[in-house]
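Here is a short set of exercises to work through with the model open in your viewer. Try each task before you read its solution.

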Amino acid sequence: MHIDARHLPNNSIIEGDLCIIGAGAAGISMALDWNNSRYKVILLEGGGFDYDDSIQDLYSGKTSGQKYYPLRASRLHYFGGTTGHWAGMCAPFDPIDFKERPWVPHSGWPITLADLEPYYAKANEVLEVGPYNYSYRYWNEQVPNLKPFPLDDTVIWNKIWQFSTARYNTLYRDTIINSKNIHLYTYAQATNILTNDGLSEVSDIIVKNHEGKTHTVRAKQVILACGAIQNARLLLASNSQAPKGIGNQNDLVGRFFMEHLEVAIGELWLFEPFISDLYSWDYGKTRASAELAITEDLQEQEKILNGTVSLTPLKVAQYMKPRMETWQNEDPRKSMDNVFANWGEADEKGRNASGFIEKAHQLNIRIEQAPNPNSRITLDGKNDALGVPEAHLHWALTRLDKHSVRTIIHILGQEFGKSGLGRVKMKAFLRDPDDDLFPEETNGGWHHMGTTRMADDPHKGVVDSNCKVHGISNLFIAGSGCYPTSAAPNPTLTLTALSLRLSDHLKKKV
Ligand SMILES: Cc1cc2nc3c(=O)[nH]c(=O)nc-3n(C[C@H](O)[C@H](O)[C@H](O)COP(=O)(O)OP(=O)(O)OC[C@H]3O[C@@H](n4cnc5c(N)ncnc54)[C@H](O)[C@@H]3O)c2cc1C
């Protein structure tokens with residue numbers, strides 16, 4: 001069922017069993033899990049079904065620290081959320097990603113990979129990825145010519161990605177609209193969360209829109225699913241009763257913001273051409289492709305973060321501009337166009353170039369960011385059109401980030417040399433071991449994580465292992481904001497799995 005909140009009488013009261021705030025990857029995945037049940041699910045979406053400049057404006061904000069994309073352009077604010085232009089790369093986290101690693105401060109999840117396994121399988125279905133099988137051996141049997149580099153597998157292994165084409169705006173729109181028990185309210189932007197006097201239970205969610213209407217939503221269980229930056233912002237801005245914001249009694253909301261560092265780290269020059277689709281840079285060419293990953297034992301030995309390395313033919317890569325440069329337009333659609341225009345041009349020039357395209361490759365890393373309390377979301381002094389303070393992202397990297405990237409290119413250099421396959425050349429910005437800075441062109445993956453991190457101890461995290469906000473009995477967070485550490489893979493498969501796990505937990509509560 002769909003209701004446009006602009007057409008409701010002002011000051012309407014909306015009541016239900018479950019209220020999910022935000023209809024993106026996390027929110028819609030959860031809502032679908034309750035479809036056809038006897039529970040009334042209220043799904044609040046700030047935007048409509050299409051891009052709208054005045055709604056996208058509500059995502060404006062400030063950035064400082066390591067250069068970042070404009071906040072307005074780094075997410076999409078309408079039904080379907082940022083799946084409206086995500087790239088669909090999916091891979092589960094590794095066992096080590098959940099463990100406490102003494103060399104990674106603030107690491108360790110209160111759950112393990114085994115706790116998420118059943119939900120990963122389900123998330124694969126919701127995202128319409130292939131089978132829940134990410135082993136290289138399986139894919140090697142399915143698809144011809146997925147030949148790996150003959151490298152020492154006690155050092156380097158092939159981590160598999162699959163690709164989703166799911167755009168929730170079109171894929172799940174009709175199912176949600178036709179549902180009898182899911183009540184989707186569009187143009188229903190949550191602007192404030194109110195609690196009882198003891199601050200222990202959410203009582204009301206205040207919803208506004210540009211037509212000047214204000215409504216109140218009441219539900220037994222409330223799930224915040226607006227993305228990691230927006231969730232933290234809304235908790236901090238809901239400060240009329242708790243001056244530091246909801247769930248922020250230990251000053252943790254907004255802290256530990258993490259991104260994936262995605263940057264070119266060097267070149268691989270092979271002695272002989274290596275023809276294989278396993279490391280295909282040609283998006284969509286195969287149903288699965290691999291990136292070079294460092295084994296868990298070696299990560300521990302070298303005291304480094306988890307990261308993987310992909311290959312792009314150098315003939316193409318040399319014409320590709322950093323996304324941190326091409327994605328600076330405040331309009332996300334124009335930024336997307338800029339990136340695609342550059343990729344198209346690079347592809348054309350690269351394919352037309354003479355020489356052995358498969359002999360020289362650019363090496364690109366995607367690596368987790370070490371959790372850092374100073375990398376954080378706070379509120380800016382400026383309010384948006386609905387009166388909510390804008391977000392300020394301060395993106396701050398640490399010595400461990402640079403050390404890990406440098407060590408990984410060293411490992412690759414040694415292994416390609418040892419195997420007799422070729423030589424690796426390191427980028428200049430990695431040469432000085434005392435230089436901890438990253439160049440301006442260092443990309444993020446538009447992967448926002450860690451602002452409401454998970455820990456059993458309320459002094460160490462905002463939510464518990466069931467994604468419930470500490471100290472508040474009926475407030476939950478769905479999404480990558482709950483990650484204590486971010487692993488190397490893109491976040492959406494895991495955040496979907498975590499949201500489905502939360503959904504199962506709530507079924508025992510309502
Ligand atoms: C260009 C690009 C490429 C990407 N590629 C990949 C990839 O290949 N693989 C991958 O895993 N991830 C990728 N991502 C990231 C991926 O899109 C996000 O991880 C994912 O969409 C996050 O899901 P979410 O539900 O937490 O947030 P979103 O999908 O952003 O959804 C949040 C929803 O909440 C709504 N909302 C916000 N505030 C309010 C409010 N106050 N009240 C009501 N509703 C509100 C929004 O309108 C939106 O619908 C990419 C992102 C971008 C920008």
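**Exercise 1. Place asparagine 36 in the fold and describe its backbone and its exposure.**

Solution. Step 1: this is a predicted model, and in it asparagine 36 sits in the loop that runs between H1 and strand S3 (41–44). Step 2: look at the backbone angle. Asparagine 36 is not a glycine, yet its phi is positive, about 65 degrees. Most residues other than glycine have a negative phi. Step 3: turn to accessibility. Because the relative accessible area of asparagine 36 is 68% and the cut-off for exposed is over 50%, asparagine 36 counts as exposed.

Now repeat the steps for asparagine 11. The loop between strand S1 (2–4) and strand S2 (13–21) holds asparagine 11. Its phi is again positive, near 60 degrees. With a relative accessible area of 55%, asparagine 11 is exposed.

**Exercise 2. Which residues come nearest to the ligand, and which elements supply at least two residues of the shell around it?**

Solution. Step 1: select the residues around the ligand; there are 36, and Ala26, Glu45, His77, Thr82 and Thr492 come nearest. Step 2: sort the shell by class. You should find 19 nonpolar, 16 polar and 1 charged residues. Step 3: map the shell onto the secondary structure. Helix H1 (25–33), strand S8 (189–195) and helix H13 (492–507) each give at least two residues to it.

**Exercise 3. Find backbone atoms of three alanines that make polar contacts with the ligand, then state how much of the ligand the protein covers.**

Solution. Step 1: begin with the ligand's nitrogen atoms. One lies 2.9 Å from a backbone N or O atom of alanine 87. For alanine 190, a backbone N or O atom is 3.0 Å from a nitrogen atom of the ligand. Step 2: go on to oxygen. A polar backbone atom of alanine 23 is 3.3 Å from an oxygen atom of the ligand. Step 3: consider coverage. On its own the ligand has 990 Å² of accessible area, and the protein covers 97% of that.

**Exercise 4. What do the salt bridges of glutamate 291, glutamate 345 and aspartate 504 join?**

Solution. Side chains of opposite charge can pair when their charged atoms come close. The structure holds 24 salt bridges, and three of them are treated here.

Step 1: glutamate 291 pairs with arginine 366, with 3.0 Å between the closest N and O atoms. This pair connects distant parts of the chain: glutamate 291 belongs to strand S12 (residues 288–294) and arginine 366 to strand S14 (residues 360–367), 75 residues apart. Buried means under 20% relative accessible area, so glutamate 291, at 6%, counts as buried. Arginine 366 counts as buried too because its relative accessibility is 7%.

Step 2: glutamate 345 and lysine 349 form a salt bridge with an N to O distance of 3.0 Å. The two are separated by about one helical turn because they are 4 residues apart in helix H11. Glutamate 345 is partly exposed at 39%, and lysine 349 is partly exposed at 36%.

Step 3: aspartate 504 and lysine 507 meet at 3.7 Å, N to O. Being 3 residues apart in helix H13, they too are about one helical turn from each other. Aspartate 504 is partly exposed at 25%, as is lysine 507 at 34%. Shared partners tie Asp33, Lys122, Asp504 and Lys507 into one salt-bridge network.

**Exercise 5. Where does tryptophan 343 lie, and which residues make a nonpolar surface patch with it?**

Solution. Step 1: tryptophan 343 is in helix H11 (residues 332–352). Step 2: its relative accessibility is 33%, so tryptophan 343 counts as partly exposed. Step 3: Met320 and Phe340 join Trp343 in a nonpolar surface patch of about 280 Å².

**Exercise 6. How far apart are the C-alpha atoms of arginine 376 and leucine 252?**

Solution. Step 1: locate arginine 376 in strand S15 (residues 376–383). Step 2: check its accessibility; at 23%, arginine 376 counts as partly exposed. Step 3: take the C-alpha distance to leucine 252. The separation is 9.3 Å, although the two residues are 124 residues apart along the chain.

Conventions
Residues are numbered from 1 along each chain as its sequence is written. This is a predicted model: local features need pLDDT of at least 70, side-chain atom pairs count only at pLDDT 80 or more; totals for chains, interfaces and linings use all residues. Side-chain values use heavy atoms; hydrogens and water are left out. Patches are made of residues with over 30% relative accessible area and no salt bridge: like charges are joined within 9 Å, nonpolar side chains (Val, Leu, Ile, Met, Phe, Trp, Tyr) within 5 Å. Accessible areas come from the Shrake-Rupley method with a 1.4 Å probe; for residues, only the protein chains shown count as cover. A salt bridge is a side-chain nitrogen of Lys or Arg within 4 Å of a carboxyl oxygen of Asp or Glu. Buried means under 20% relative accessible area, exposed over 50%, partly exposed in between (1.4 Å probe, protein chains only). A residue is near a molecule or strand if one of its heavy atoms lies within 4 Å of it. A polar contact is a pair of N or O atoms within 3.5 Å; within protein, one must be able to donate a hydrogen and the other to accept it, and residues adjacent in sequence count only if both atoms are side-chain atoms. Ala, Val, Leu, Ile, Met, Phe, Trp, Tyr, Cys and Pro count as nonpolar, Asp, Glu, Lys and Arg as charged, and the others, Gly among them, as polar.
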